[in-house]
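Thanks for making the time, everyone; I would like to talk through charged pairs and cysteines today, and I will take them in that order. Please have a look at the sequence and the structure before I go on.

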Amino acid sequence: MSQRITIDHRQSTGIAPPAVTEPKTGLRHPEKAHRPDNPIQRKPAWIRVKAPNHPVYHETRKLMRDSNLVTVCEEAACPNIGECWSQRHATMMIMGEICTRACAFCNVTTGLPKALDDDEPRRVADAVAKLGLRHVVITSVDRDDLADGGARHFARVINAIRDASPSTTIEILTPDFMRKDGALEIVVEARPDVFNHNIETVPRLYPTIRPGARYYQSLRLLDGVKRLDPSIFTKSGLMLGLGEERLEVWQVMDDFRVADVDFLTLGQYLQPTPKHAAVAEFVTPESFESYAKTARVKGFLQVSASPLTRSSYHADSDFAQLRAARNSRLKDIT
């Protein structure tokens, strides 16, 4: 049976995995240490997950350590780590584990990153080939310290995977490349199958939730992918429960459709530590389904919306459905 490994970016989920000791926030997030505490609320039954104890979970963890790989599952404290790792679906970050941004929702360490590892593209490609992966997702921390934001490193990883495993489809989840002229062109030229960049929240909440980013820069990035290469699928997602209004979410959907985004993901924001942004609302499964219905009416090829939805969760099966949806639409046109 084919396995999947996901090489992922700052998939900002905001929950500490079960049975894992909460990190010392002052060490991981010194910029948040002065902030008043936001008590972490008890989670509703529909988003509670079991502690990871499957034997394959521990095998996957050992593989990650033996391969000297950083996983976003751990760094971003993903709630799906038990399920995914029990199926050998690990999610890794390239370009290190330290991010130059300090988003209010994200559990990835903030600070000054180390130099790029020139051997990383080869190690990633070797892992993909050895596991016989059908689909791989590649992401990174933000690297504002680099002249190209890490674009060339992304391209090197994509090209290395193409050489080592030509049949593997590649999905990337990138930073916004803000003020990095030419970076997008470098990544698009490497021709990933899916280009994912998460908007994360509605424009009104950017100053407090994503202060280092700009909503229209992210939207412009997604639009730019389609302008450079319309054959590449584009994908983006939001966290719900941060205080957004329903009409604001609908407006983001409309903005996505103007930019011809193909795939929308919606998941629940979960607070990783008391120093992070508080959960304003636990959105019900019924509300997620209502959002999904609206998104489908608006014309997205693929929609994934549930409390535990994350960008690379079930990415391989989602990609198969995405490609089938495009083919079906093209048949209808002809």
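Asp 117, Asp 119, Arg 122, Arg 123 and Asp 126 are joined to one another in a network of salt bridges, and I should say at once that what we are looking at is a predicted model, so every value I quote is computed from that model. Within this network, Arg 122 is bridged to Asp 119, with the closest N and O atoms 2.7 Å apart, and Arg 122 also forms a salt bridge with Asp 126, where the closest N and O atoms are again given as 2.7 Å apart.

Where do Asp 126 and Arg 122 sit with respect to each other in helix α5? The two are four residues apart in that helix, which covers residues 120-131, and so they are separated by about one helical turn.

As for solvent, Arg 122 counts as partly exposed because its relative accessibility is 43%, and Asp 119 falls in the partly exposed class with 30%. Asp 126, at 28% relative accessibility, is likewise partly exposed, the cut-off for buried being under 20% relative accessible area.

Let me move to another pair, Arg 191 and Asp 229, which form a salt bridge whose closest N and O atoms lie 3.0 Å from each other. Arg 191 belongs to the loop between α7 (183-189) and β7 (194-196), whereas Asp 229 belongs to the loop between α9 (215-228) and β8 (233-240), so this pair ties together parts of the chain that are 38 residues apart in sequence. Here the two partners fall into separate classes, since Arg 191 is partly exposed with a relative accessible area of 42%, while Asp 229 is buried with 13%. For the overall tally, the structure holds 21 salt bridges.

That brings me to the cysteines, and to the question of how many disulfides the structure holds. The number is zero. Cys 99 takes part in no disulfide, and the nearest cysteine sulfur to it, that of Cys 106, is 6.3 Å away; because a disulfide calls for sulfur atoms within 2.5 Å, that separation does not qualify. Cys 103 is in no disulfide either, and for Cys 103 too the nearest cysteine sulfur is that of Cys 106, at 6.3 Å.

Are Cys 99 and Cys 103 buried or exposed? Cys 99 counts as buried at 5% relative accessibility, and Cys 103, at 9%, counts as buried as well.

Definitions and conventions:
Residues numbered from 1 in each chain as written. Predicted model: local features only at pLDDT ≥ 70, side-chain atom pairs only at ≥ 80, totals over all residues. Heavy atoms only, no water. Salt bridge = Lys/Arg side-chain N within 4 Å of Asp/Glu carboxyl O. Buried < 20%, exposed > 50% of the residue type's maximum accessible area, 1.4 Å probe, protein only.
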